[in-house]
Every structure is written in C-alpha cells, then in structure tokens.
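Work through the exercises below with the structure open. Each task is followed by a solution in steps.

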Amino acid sequence: MTEHYVSIGGNLPVNGSQPWQTVTASIGELGRRGLLFKASSRIFSTPAFPAGAGPDFANAVAVFETDLPAGEVLAILHEVEALFGRMRKARWEARGLDLDLLAVGNWITPNLSVLQDWMQLTPELQRQEAPPELILPHPRLHERGFVLMPFDDVSPDWRHPVLGLSVAEMLKALPTSALEGIFALDVPRPDGSGSL
C-alpha cells in the first residue's frame, strides 16, 4: 500500500457545520470510501488564497494508504467534495470543501517534464490555467504556507522527489509573509472516524 497525502480545506459552512467540522467529517468519509486513514495534522486557520478571496480557511493534511491508482483516488476526492456540496465553478473560489491530492509516495506523474513545466508557471498563468491531467506531486505545494504548515505537522520528513527537500525544509524556506495569519485551531485533531 502507498501513502497518499491529501490537503483538506474549506471556508464556507456546510449544512450548518463550521469549516473545521467539515474537514473532520470529510476525513471520515474518505475512510468509508476505502482509503485507510493513517494520520492527520491539526486543523489550521489560514487566510484565504489569494488574499481577499473570502473568509479564512480551515486546513489540514491527512495521510491515507491504498493500492488504488492515483486517478481513482482523485475521483474519490471529487465524489466527497460533491457530497459536501462542492461545485467547481471558478478557480480559487470560496468553498465548503476542497480536497487536493498533494503526493503519492515519491511518485512523479505524468512525467518529470510536465511536472517541471507546471512548477515554473507564472503567478498570472496560475490564476488562469488548471492542469488537464493529474500532476504529482502537486506543482505548488512547496510555495504554500497553508499546505506546508499542516503537512509539516503530520509528515515533516516527506521528501519532494524533484526538489530533494523535506516538508520541514520547504516550510523553513518560505518567506515569513507566506505564514502570516496561520495558526492551529483549538479543536480536536481528526482521528479518521469523522466524528466530532
């Protein structure tokens, strides 16, 4: 079985639940759909990205194990997003639930050249373009404090297969501005059950 690292976030209430409760419930739902829960970070409050895009997010990173192909895991993530009311209309919109597959072990998908092209995309093009296929590891994970802070909380030693840096090292390399406003919420750490 291979470890799958999933970024989980949301900044809008879902059926009366606060975003941190949705994060917790979605982890349980992923487990019920066949992904074996291994661990979760604490839940962090993070400013909306890009700045001004909506209310603050609740974000976590969870680790699951499965033998399913990455494409099938991505389909499960999209099913769970839809279950919690997500409709993909605009890039980086406010949403009740956002699930991103950050990495699968140390795999590079579909290939090194495509990954590097997306890693080097300018900020302007990032706002306009979305990859037509699954790219692993996530081409922006090394730049985002709202991803690296919870990722470091659950798996600081995971190493980027292209950059050669651990999560802890990528986090340390971020400018302080990328970490402003990020803090752990005083709520229970998800345990995979989906219960509150």
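**Exercise 1.** Describe how helix α1 and helix α2 pack in this predicted model.

Solution. Step 1: locate the helices; α1 covers residues 19-32 and α2 covers residues 70-83. Step 2: take the geometry; the angle is about 135° and the axes lie 10 Å apart. Step 3: classify the angle. Angles over 145 degrees count as roughly antiparallel and 65 to 115 as roughly perpendicular, with the rest outside the roughly parallel range being oblique; α1 and α2 are therefore oblique to each other. Step 4: give the handedness; the crossing of α1 past α2 is right-handed. Step 5: list the contact residues, which are Ser26, Glu29 and Leu30 on α1, and Ile76, Leu77, Val80 and Leu83 on α2. Step 6: sort these residues by type; five are nonpolar, one is polar and one is charged.

**Exercise 2.** Is glutamate 29 buried or exposed, and which residues does it contact beyond its sequence neighbours?

Solution. Step 1: place the residue; glutamate 29 belongs to helix α1. Step 2: compare its relative accessibility of 15% with the cut-off for buried, under 20%. Glutamate 29 therefore counts as buried. Step 3: set aside neighbours within four places in sequence; glutamate 29 then contacts Val80, Leu83 and Phe84.

**Exercise 3.** Describe the surroundings of proline 139.

Solution. Step 1: proline 139 sits in the loop between α4 (123-128) and α5 (145-154). Step 2: its relative accessible area is 7%, so proline 139 is buried. Step 3: without neighbours within four places in sequence, its contacts are Leu115, Trp118 and Met119. Step 4: tryptophan 107 is 32 residues away along the chain, and its C-alpha atom is 13 Å from that of proline 139.

Definitions and conventions: Residues are numbered from 1 along each chain as its sequence is written. This is a predicted model: local features need pLDDT of at least 70, side-chain atom pairs count only at pLDDT 80 or more; totals for chains, interfaces and linings use all residues. Side-chain values use heavy atoms; hydrogens and water are left out. Axes are lines fitted to C-alpha atoms, for helices over the stretch in contact, and angles run from 0 to 180 degrees between N-to-C directions. Helices (H or I, at least four residues) and strands (E, at least two) are DSSP runs, numbered from the N terminus. Angles under 35 degrees count as roughly parallel, over 145 as roughly antiparallel, 65 to 115 as roughly perpendicular and the rest as oblique. A crossing is left-handed if the near helix is turned anticlockwise from the far one by less than a right angle, and right-handed if clockwise. Contact means heavy atoms within 4.5 Å. Ala, Val, Leu, Ile, Met, Phe, Trp, Tyr, Cys and Pro count as nonpolar, Asp, Glu, Lys and Arg as charged, and the others, Gly among them, as polar. Buried means under 20% relative accessible area, exposed over 50%, partly exposed in between (1.4 Å probe, protein chains only).
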